[in-house]
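Dear colleague,

I am passing on the structure we spoke about, and my notes on it follow below. Please read them with the model open beside you.

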Amino acid sequence: MDPVDDVQPLLIADFETVALEFLPNVARYARLLTRDKADADDLTQETFLRAFQKWSTFRPGTDCRKWLFTICRNLYLRSRQRSKRFVSEDDAEIELRAMHDIYSQAMAYGLKGLFDRLDIGPALQRGLAELLPEYREAVLLIDVEDYSYEEAASAAGVPIGTIRSRLFRARRRLQQSLLEYARDLGFSLTTASAREEVAS
Amino acid sequence: MTTHNDALMSCEHVIRLLWEYLDNELDDERRLRVRQHLDGCEHCREHFTFEGAFLRALATHLDEATDTATLRGRIVDALRVEGYRDRLSATG
């Protein structure tokens, strides 16, 4: 049967304006999941094809972006050879303490305005590439797409405590990458001290 | 870390709530208590400012515009095969 046969014409007409509107969001989500442009494009295309085939099941008035993310994520998980290694969900408390340590280091290195003073794009991309997809997903949903913890947990199919742990861990690792990047650029305790002396 | 004012949350407690505060995940009462602490604690205020700048930088860099024009054309072509042609020919 032609997939379009069981889809009402009016719903088909909506697909372009309602669903394709979220192409940039889905493309970005796919990119963060796969970390490969070609794979991300394929995943994005497959997502919209699947969405089109299931368009009659989409309930108007509900969040189409979330619906598309769910399809995208399910396709990704299905196609991905799941890693067999054990991935522990870090204690959010540990991550909070680690976050505070990083902040203290940044202050010690005179990096108070780190995020405003440096082009941190390359370091962020490098840090993201090193994260597990589950952690990248938490960052994307909450830090870019503005999902609440509850919404992100629902989208990822995990308890809210898990999404919180993943988010905190991902942020901590990204900050660690930024700190290392700053050090590579020549920031050091010595230069920070020298700057303070000059300032005083 | 110290408690700057016995009537307020301790610095340790406030730092524990840092991400949830910045993510707007706290209820009104806890949000207010954190706010009150920050009003009187420069150390924590600077820490929150630092982490807030990090979140803004993160969102900005990850939200960079993606050129999806080519991808959109590719998807539309694939949708045509799926029976999308009537809608597309009607809209050009």
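In this predicted model, the contact between the two chains draws 37 residues from chain A and 28 residues from chain B. On the side of chain A that touches chain B, at least two residues each come from α1 (9-19), α2 (23-34), α3 (37-53), α5 (92-108), α6 (114-117), α7 (121-130), α8 (133-144) and α10 (160-184) of chain A. Of these, α3(A) gives the most, with 7 residues. By character, the residues on that side of chain A divide into 23 nonpolar, 7 polar and 7 charged.

Turning to the partner, chain B has 5 helices and 0 strands, so that from the N terminus on its elements read α-α-α-α-α. Chain B counts 92 residues, of which 24% are buried, and among its contacts between residues at least 6 apart in sequence, 49% join residues at least 24 apart.

One residue of chain B may be worth finding in the viewer, namely B:Leu62, which lies in helix α4 (residues 42-62) of that chain. Is B:Leu62 buried or exposed? B:Leu62 counts as buried because 20 other C-beta atoms lie within 10 Å, and 20 or more is what the term requires. Leaving aside residues up to four places away in sequence, B:Leu62 touches A:Leu140, A:Asp143 and A:Val144.

With best wishes

Definitions and conventions
Residues numbered from 1 in each chain as written. Chains lettered and ligands numbered in written order. Predicted model: local features only at pLDDT ≥ 70, side-chain atom pairs only at ≥ 80, totals over all residues. Helix = DSSP H or I, 4+ residues; strand = E, 2+ residues; numbered from the N terminus. Buried ≥ 20, exposed ≤ 12 C-beta atoms within 10 Å, placed from the backbone. Contact = placed C-beta atoms within 7 Å. Nonpolar A, V, L, I, M, F, W, Y, C, P; charged D, E, K, R; others polar.
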